Amino acid sequence: MTATPAAAPLLEARGLSFRRQDEPVFAPMDFQLHAGELALVEGDNGSGKTTLLRMLAGLLHVGEGELRWRGAPLQRDATAGDILFLGHQLGLKADFSPRENLRVAASLHGCRDGTNAASVLARIGLRGYEDEPVRRLSAGQKKRAALARLLLLPATLWLLDEPYANLDRIGIALVNELLERHTDAGGAAMVTSHGTVSFHGGEPRRIRMHG
Amino acid sequence: MNRPGLGTACAAMLRRDLALAWRRRGDIAMPVLYAVIVATLFPFALGPEDTLLQRIAGGVVLVTVLLAMLLALDAMFASDIEDGSLEQLVLSPQPLALLLGMKILAHWLATALPLIVIAPLLAAMLHLPGTVIPVLLLALLLATPLLSLLGAVLVALTAGTRRSGMLLALMLLPLCVPAVIFAAGAVAAAQQGLPWLAPIAWLAAALVLAVVLAPLACAAALRIALDA
């Protein structure tokens, strides 16, 4: 296979695996993720979906195998901020309002052009709750407040761990719409979910995990 | 899109942690209350003799303030680990060591500074001569950030373990001792009219070293704690 640099996948995994106390968490994996692509990571509970995402985000060290970013070996310093991770823990301060949480995130990551905290929160469905402490929001609203980061912060690759959890139907549709807009704009995303999720823009790539 | 500069990120981090501390003002008041109670109890236990109190005043205030600081040390990174904020800090495109340095600074401002403010009051209650109080304050201004920085490294090292409180106390004791010896040495020397600059200089040197190294060690330790 001869790949020109322009066609190099955004993220490529070769023989990627992870061990926890000498027990392999998942079998070696090979996959490619191109710009504009959406990959759904599927697997049973405990099959290592979260572990994979945390490893791709850079929180866990790469056990075995190789990760390549735009054709070159992935270096965390170079990709920091370009990869956005949303895990089970939402990373919101309960004493802060959604607006304050976003402001802190934006002052570390920067903002997408033409966005600000207020417009992003209105878009994500938290109008009227901008200044309410996160502590007092419902689980679904907290999730939305965390998802607002995706709209505000500039990043190419989204790694979303169970983004649909706690969301109502409108929220789920909203996440799908965000993912579609992101991939249309040349971004890429990896999403874990065991729910049945339908995307409007055709069938997403599926990455199956085996424990 | 352009990445914010270091200054913006550091200022935001400092503001964030100070705002969070201010929303939980009760937690700030706790160490102060503790220090006041301990310093008040000493004359009752030892008897109100001027000469005795004067002799122990400097040491009592120092130890009381440092112990009061330990009460709040545990919480330095706990809430950030719990709610996932730390993961977001680690993944942000800013140097983690600097962000953690700002967190430590905010923690010092929120816990140690109120203690330093009431320290002259505690010292006066124990009849420490007024001329010695500036030296006591100087010693505290150097010893408390030193303890915050050393403590932060240990808190980061024990972050992944359960029941880290016990381990933390055990590990912190040997690191506390030099700070207490030099700070108390300076106060005692000033009280006897001897030159007190040397122990202060030692404290300052240790602080400079800790300011440079502790945030780096914290960053490394917390990365390891998350990588499990």
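Trainee: Which residues of chain B does UniProt list for "transmembrane region"?

Mentor: The unreviewed UniProt entry lists residues 28–46, 52–73, 104–126, 132–155, 167–190 and 196–222 of chain B. Such annotations may be inferred rather than shown by experiment. The model in front of you is itself a predicted one.

Trainee: What makes residues 132–155 and 167–190 of chain B helical or strand-like in this model?

Mentor: Take the share of each kind of secondary structure. Residues 132–155 of chain B are 96% helix and 0% strand, and the end C-alpha atoms of that span lie 33 Å apart. Residues 167–190 of chain B are 100% helix and 0% strand, with 36 Å between the end C-alpha atoms. The model thus presents both of these spans as helix.

Trainee: How many helices and how many strands does chain B have?

Mentor: Chain B has 9 helices and 0 strands. Read from the N terminus, the order of its elements is α-α-α-α-α-α-α-α-α.

Trainee: Why is chain B called as compact as a globular protein of its length?

Mentor: Set the value against the rule. For 228 residues the globule rule gives 17 Å, and the radius of gyration of chain B is 19 Å, which is close to it, so the description applies. The C-alpha trace of chain B spans about 65 × 30 × 30 Å along its principal axes. Of its 228 residues, 43% are buried. Among its contacts with a separation of 6 or more, 83% join residues 24 or more positions apart.

Trainee: How does the radius of gyration of chain A stand against the value for a compact globule, and what is the secondary structure of that chain?

Mentor: A compact globule of 211 residues would have a radius of gyration near 17 Å, and chain A has 17 Å, so the two agree. Along its principal axes, the C-alpha trace of chain A covers about 50 × 35 × 35 Å. Chain A holds 6 helices and 9 strands, and 40% of its 211 residues count as buried. Residues 24 or more positions apart make up 74% of its contacts with a separation of 6 or more.

Trainee: What makes strand 2 and strand 5 of chain A edge strands?

Mentor: The sheet in question is open, has 4 strands with antiparallel pairing, and follows the order 2-1-4-5 in chain A. Strand 2 (23–33) and strand 5 (72–73) of chain A each pair on one side only, and are the edge strands.

Trainee: How do you know that strand 4 and strand 5 of chain A pair?

Mentor: Two strands pair if at least two bridges are found between them. Strand 4 (residues 64–69) of chain A is joined to strand 5 of chain A by 2 bridges, running antiparallel, so the condition is met. For R68(A), the bridge partner in strand 5 of chain A is P73(A).

Trainee: Why is D22(A) called exposed, whereas E162(A) is called partly exposed?

Mentor: A residue is exposed if 12 or fewer other C-beta atoms lie within 10 Å of its own, buried if there are 20 or more, and partly exposed in between. D22(A) has 5 such neighbours and therefore counts as exposed. E162(A) has 19, which means that it falls in the partly exposed range.

Trainee: What makes the phi angles of D22(A) and E162(A) notable?

Mentor: Most residues other than glycine have a negative phi. D22(A), which is not a glycine, has a positive phi of about 65 degrees, and E162(A), also a residue other than glycine, has a positive phi near 50 degrees. D22(A) lies in the loop between strand 1 (11–20) and strand 2 of chain A. E162(A) lies in the loop between strand 7 (157–161) and helix 6 (169–184) of chain A.

Trainee: Which domains does the assignment give for chain A, and what makes up their contact?

Mentor: The assignment gives domain 1 (8–82 + 156–208) and domain 2 (97–152) of chain A. Their centres, taken over C-alpha atoms, are 23 Å apart. Domain 1 of chain A supplies 11 residues to the contact and domain 2 of chain A supplies 9 residues. On the side of domain 1, helix 6 of chain A gives the most, with 4 residues. That side of domain 1 of chain A divides into 7 nonpolar, 3 polar and 1 charged.

Trainee: How many residues do chain A and chain B bring to their contact?

Mentor: Chain A brings 25 residues and chain B brings 23 residues. Helix 3 (residues 98–109) of chain A provides the largest share of the chain A side, 5 residues. The chain A side that touches chain B consists of 12 nonpolar, 9 polar and 4 charged residues.

Methods: Residues numbered from 1 in each chain as written. Chains lettered and ligands numbered in written order. Predicted model: local features only at pLDDT ≥ 70, side-chain atom pairs only at ≥ 80, totals over all residues. Rg over C-alpha atoms; globule rule 2.2 N^0.38 Å. Contact = placed C-beta atoms within 7 Å. Domains from an automatic or database assignment. Nonpolar A, V, L, I, M, F, W, Y, C, P; charged D, E, K, R; others polar.
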